[in-house]
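I am keeping these notes for someone who has not met this structure before. Each entry records what I looked up, in the order in which I looked.

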Amino acid sequence: MLINIITLFPEMFTGVFEQSILHRARETNKIEIHLINLREYGLGAHRVVDDAPFGGGGGMILKPEPIAAALEDLAETGHVIITTPRGKHFQQADASRLSRMDVVTIICGHYEGIDERVTQLFVHEELSIGDYVLTGGEIPAMVITDALTRLIPGVLGKDTMETGDSHYNGMLEHPHYTRPREFRGIVVPEVLLSGNHEEIRAWRESKALEKTKTMRPDMLCKKTSGCECRNNKDED
Ligand code: ADE
């Protein structure tokens, strides 16, 4: 899979993409990440990428020409995404959907926003990672890249299963324990030491349900069709 990232700050990505699982995924050619410096497509001697908004108001807007030029310089753009706080909430199902694509291009939003014609002409979806405003779309682009990369077959070790993840099935995950059996007076639940796979599965299922009820009751609500409570008013 190829992920193109168009950004004013390519250096922000290097540390994140050169560590751990993302690093290994690149080394083993499970993903190729192509960082495109938007500044190189800026206009004139000063490589201008932004301008004041028509109609007045504060802040600067990313101009359409540099973004268009950066996109048109790519061999293939595939599915084009903009990261913006006004986008659809990025969720596990989106990570799963995107992980099955061959080419994804992420345009990192900046300043007050991006000229709307970029969205109209080139963009397939606008994604937000949450209801808060960050200084730019770079961290959201990293979040999206990380979440989809770990779902590409062969990226995680063979004994790590996506099906056990929080959010995989609209539920949070069950608690985990490792050695030692007792730590500061707290002992590992007996069932996990029993070797009885059916009992362990049932215990994990009930703990996942308990955790979801406590931490994220809205998730259970979304699983219940026809539920009219306020938790069900979000977008999916
Ligand atoms: N850019 C700034 N804030 C953002 C957010 N919450 N999600 C996506 N892009 C953003």
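Entry 1, glutamate 205. I looked up where glutamate 205 sits in this predicted model, and I found it in helix α7, which covers residues 197-215. Its relative accessible area is 48%, and because exposed would require over 50%, I note glutamate 205 as partly exposed. I then paired it with methionine 60: the two are 145 residues apart in sequence, and their C-alpha atoms are 50 Å apart in space.

Entry 2, the chain as a whole. I counted eight helices and 10 strands, and I noted that the C-alpha atoms fill a box of roughly 70 × 45 × 35 Å along the principal axes. Of the 236 residues in the chain, 37% are buried. The chain exposes about 14300 Å², with carbon and sulfur atoms supplying 51% of that area. Among contacts between residues at least 6 apart in sequence, I found that 72% join residues at least 24 apart.

Entry 3, the ligand. Which residues surround the ligand? I listed Thr83, Thr84, Pro85, Leu127, Ser128, Ile129, Gly130, Tyr132, Val133, Leu134, Gly136 and Pro140. By class, this shell has seven nonpolar and five polar residues, and no charged ones. Strands β5 (79-89) and β8 (125-128) each supply at least two residues of the shell, and the largest share, three residues, comes from β5.

I next looked at nitrogen atoms of the ligand and the backbone beside them. A backbone N or O atom of tyrosine 132 lies 2.8 Å from a ligand nitrogen, a polar backbone atom of leucine 134 is 2.9 Å from a ligand nitrogen, and for a backbone N or O atom of glycine 130 the distance to a ligand nitrogen is 3.1 Å. On its own the ligand has 260 Å² of accessible area, and the protein covers 97% of it.

Entry 4, helix α4. Is helix α4, residues 92-99, largely enclosed or largely open? I found six of its eight residues buried, so I note the helix as largely enclosed by the rest of the structure. The buried ones are Gln92, Asp94, Ala95, Ser96, Leu98 and Ser99. These buried residues pack against β5, β6 (103-108), β8 and α6 (138-149), and I add that β5 and β8 also came up in the entry on the ligand shell.

Entry 5, aromatic rings. I searched the whole structure for aromatic pairs and found one. It is formed by phenylalanine 13 and phenylalanine 17, whose ring centres are 5.4 Å apart and whose planes meet at 45 degrees, a tilted arrangement. Both residues are buried. They lie in helix α1 (residues 11-17), and because they are four residues apart there, about one helical turn separates them. An α-helix has 3.6 residues a turn, so residues three or four places apart point the same way.

Entry 6, backbone details in loops. I found a cis peptide bond from arginine 179 to proline 180, with omega near 5 degrees, and I placed proline 180 in the loop between α6 and β9 (182-183). Asparagine 29, in the loop between α2 (20-27) and β2 (32-37), has a positive phi near 60 degrees although it is not glycine, and with a relative accessible area of 67% it is exposed. Arginine 47, in the loop between β2 and β3 (50-51), likewise has a positive phi, near 55 degrees, but at 39% relative accessibility arginine 47 counts as partly exposed.

Notes:
Residues numbered from 1 in each chain as written. Predicted model: local features only at pLDDT ≥ 70, side-chain atom pairs only at ≥ 80, totals over all residues. Heavy atoms only, no water. Near = heavy atom within 4 Å. Polar contact = N/O pair within 3.5 Å; in protein donor to acceptor, adjacent residues only side chain to side chain. Areas by Shrake-Rupley, 256 points an atom, 1.4 Å probe, with all protein chains shown as cover. Nonpolar A, V, L, I, M, F, W, Y, C, P; charged D, E, K, R; others polar. Phe/Tyr/Trp six-rings, centres within 6.5 Å; stacked < 30°, edge-to-face > 60°. Buried < 20%, exposed > 50% of the residue type's maximum accessible area, 1.4 Å probe, protein only. Contact = heavy atoms within 4.5 Å.
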